[in-house]
Amino acid sequence: MTVRTVVAKNLRRLRHDRGLSQEELADRASVDRTYVSSLEREQYAASIDMLAKLASALDVDPIEFFRRDETTR
């Protein structure tokens, strides 16, 4: 599994765990909703700065985007 895939799956999981829509997360992170969608569909690769912004909006440590567990293998 690529790093982009791991990040996309974790982004979606973390967003769902918090009961947020893509639009709500985008609003909290001050980005366009279509960008969140594109990240989750692996069309774009997020910069480190963007991952920090999304992590802050999700109230998690940015390392959570890179965790590999049984659901991301």
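Axes here are lines fitted to C-alpha atoms, for helices over the stretch in contact, and angles run from 0 to 180 degrees between N-to-C directions. With that in hand, let's walk through this predicted model, starting with how its helices pack and then picking out three residues.

**Helix packing**

Two packed helices are described by the angle between their axes and the distance between the axes. Here are the pairs in that form:

| Helix pair | Axis distance | Angle |
|---|---|---|
| H2 and H3 | within 8 Å | roughly 115 degrees |
| H2 and H4 | within 8 Å | roughly 110 degrees |
| H1 and H3 | 8 Å | about 125 degrees |

Take H2 and H3 to begin with. Helix H2 covers residues 22-29 and helix H3 covers residues 33-40. Angles of 65 to 115 degrees count as roughly perpendicular, and H2 and H3 are therefore described that way. The crossing of H2 past H3 is right-handed. On the H2 side, Gln-22, Glu-23, Leu-25 and Ala-26 do the touching, and they meet Arg-33, Val-36, Ser-37 and Glu-40 from H3. It's a mixed bag chemically: three nonpolar residues, two polar and three charged.

H2 also packs on H4, and those two helices are likewise roughly perpendicular to each other. H2 goes past H4 in a right-handed crossing. This time H2 offers Leu-25, Arg-28 and Ala-29, while H4 brings in Lys-53, Leu-54, Ala-57 and Leu-58. Sorted by class, the H2 and H4 contact comes out as five nonpolar residues, two charged and no polar ones. Leu-25 is worth a second look, since Leu-25 turns up in the contact of H2 with H3 and again in the contact of H2 with H4.

What about H1 and H3? Their axes are 8 Å apart, at an angle of about 125 degrees, and that makes H1 oblique to H3. Ala-8, Leu-11, Arg-12 and Arg-15 of H1 sit against Val-36, Leu-39 and Glu-40 of H3. The tally for H1 with H3 is four nonpolar, no polar and three charged residues. Val-36 and Glu-40 of H3, listed here against H1, also belong to the contact with H2.

**Three residues to click on**

Is Asn-10 buried or exposed? Asn-10 belongs to helix H1, residues 3-17, and is buried, with a relative accessible area of 0%. Its side chain has polar partners, though. One polar contact, at 3.0 Å, goes to the side chain of Arg-13. A polar atom of the Asn-10 side chain also lies 3.0 Å from the backbone oxygen of Phe-65.

Next up is Arg-41, in the loop between H3 and H4. Arg-41 is partly exposed, at 48% relative accessible area. Its side chain and that of Gln-43 are joined by a polar contact of 3.1 Å. Arg-41 also has Lys-9 to compare with: 32 residues separate the two along the chain, and their C-alpha atoms are 8.8 Å apart.

Finally, there's Asp-61, in the segment after helix H4 (48-58). With a relative accessibility of 47%, Asp-61 counts as partly exposed. A polar atom of the Asp-61 side chain lies 2.9 Å from the backbone nitrogen of Ile-63. Looking back along the chain, Leu-51 is ten residues from Asp-61, with 9.6 Å between the C-alpha atoms of the two.

Note on methods:
Residues are numbered from 1 along each chain as its sequence is written. This is a predicted model: local features need pLDDT of at least 70, side-chain atom pairs count only at pLDDT 80 or more; totals for chains, interfaces and linings use all residues. Side-chain values use heavy atoms; hydrogens and water are left out. Helices (H or I, at least four residues) and strands (E, at least two) are DSSP runs, numbered from the N terminus. Angles under 35 degrees count as roughly parallel, over 145 as roughly antiparallel, 65 to 115 as roughly perpendicular and the rest as oblique. A crossing is left-handed if the near helix is turned anticlockwise from the far one by less than a right angle, and right-handed if clockwise. Contact means heavy atoms within 4.5 Å. Ala, Val, Leu, Ile, Met, Phe, Trp, Tyr, Cys and Pro count as nonpolar, Asp, Glu, Lys and Arg as charged, and the others, Gly among them, as polar. Buried means under 20% relative accessible area, exposed over 50%, partly exposed in between (1.4 Å probe, protein chains only). A polar contact is a pair of N or O atoms within 3.5 Å; within protein, one must be able to donate a hydrogen and the other to accept it, and residues adjacent in sequence count only if both atoms are side-chain atoms.
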